[in-house]
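Please open the model in your viewer and keep the selection tool at hand. This short tour moves from one empty space to another, saying at each stop what to select.

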Amino acid sequence: MKKWLMSVLLMAMALMAGCASKVPTTEYYLLSAGNGPFKAAQTDKPGYFIAPVVLADHLNRTALVMLRGQQQVQLAHYHVWAEPLASGVTQVLEYELNQICACEVTSARQGITNNEQRQEIRLIIDQMAVNEAGQVTLSGSYVLAGLSMQRFYLQQTLTENGFEAAVLTQRRLLAQLASHITQHSGNGVAGGSQ
């Protein structure tokens, strides 16, 4: 009886092992992977200081976020940020602002504190996700030192499927946000790199 029970258990374990699906490979993404060389800062421009970026709680995690339906959030556990999202957003904004205004852009991420010569940007991101229809949204608000709060809602439809395309689109939306910031600050020209 014991041999029969042991044989059944071994067969069951073998079947379970054979039926178990393979675990998908985890994919890692960087928002700032597209950054190139920074422009030399012109000394006659005041530049910017980016305070620590504040993310909505559902974005403050490693997994990429997908919106499903009206109220549901799905986390892509095998598609994750290779760095904290707030750090990636800051790096992209540093680069894009520099490309637009050819000015010095620093941030708290670099361990620098602001001084009077740089216009401080306080950014809050409420939404940065793709939905089932393939629309990528970037929304939130920012405050430039001495100016009133500005709200933004940027959206773009994916032209390709997949999380890599969504991340590239999120980066393009951050470039649009940098352009929006420079237009409201009066520092630089509109239409930075895309």
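A cavity, as the word is used here, is a set of grid points where a 1.4 Å probe fits but cannot get out, and a volume is the space filled by probe spheres set on such points. The model you are looking at is predicted, and it holds one cavity of 30 Å³ or more. The volume of the largest cavity is about 40 Å³.

To find this space, select Leu59, Ala63, Leu64, Val65, Trp81, Leu85, Met128, Ala129 and Gln170, which together line the largest cavity. If you colour the selection by class, you will find eight nonpolar residues and one polar residue, with no charged residue in the lining. Next, show strand S4 (63-68) and strand S7 (119-131), since each of these strands supplies at least two residues of that lining. The largest share comes from S4, with three residues.

Now clear the selection and turn to the largest pocket, where about 170 Å³ of space lies. Select Met66, Val130, Asn131, Glu132, Ala133 and Gly134, and then add Thr157, Leu158, Asn161, Gly162, Phe163 and Ala166, to display the residues that line this pocket. Which elements each supply at least two residues of the pocket lining? They are S7, already shown at the previous stop, and helix H3 (163-185). Colouring by class once more gives six nonpolar, five polar and one charged residues around the largest pocket.

Terms used. Residues numbered from 1 in each chain as written. Predicted model: local features only at pLDDT ≥ 70, side-chain atom pairs only at ≥ 80, totals over all residues. Heavy atoms only, no water. 1 Å grid on protein atoms, 1.4 Å probe; cavity = no way out; pocket = protein on both sides within 12 Å on 5 of 7 lines; lining within 4 Å. Helix = DSSP H or I, 4+ residues; strand = E, 2+ residues; numbered from the N terminus. Nonpolar A, V, L, I, M, F, W, Y, C, P; charged D, E, K, R; others polar.
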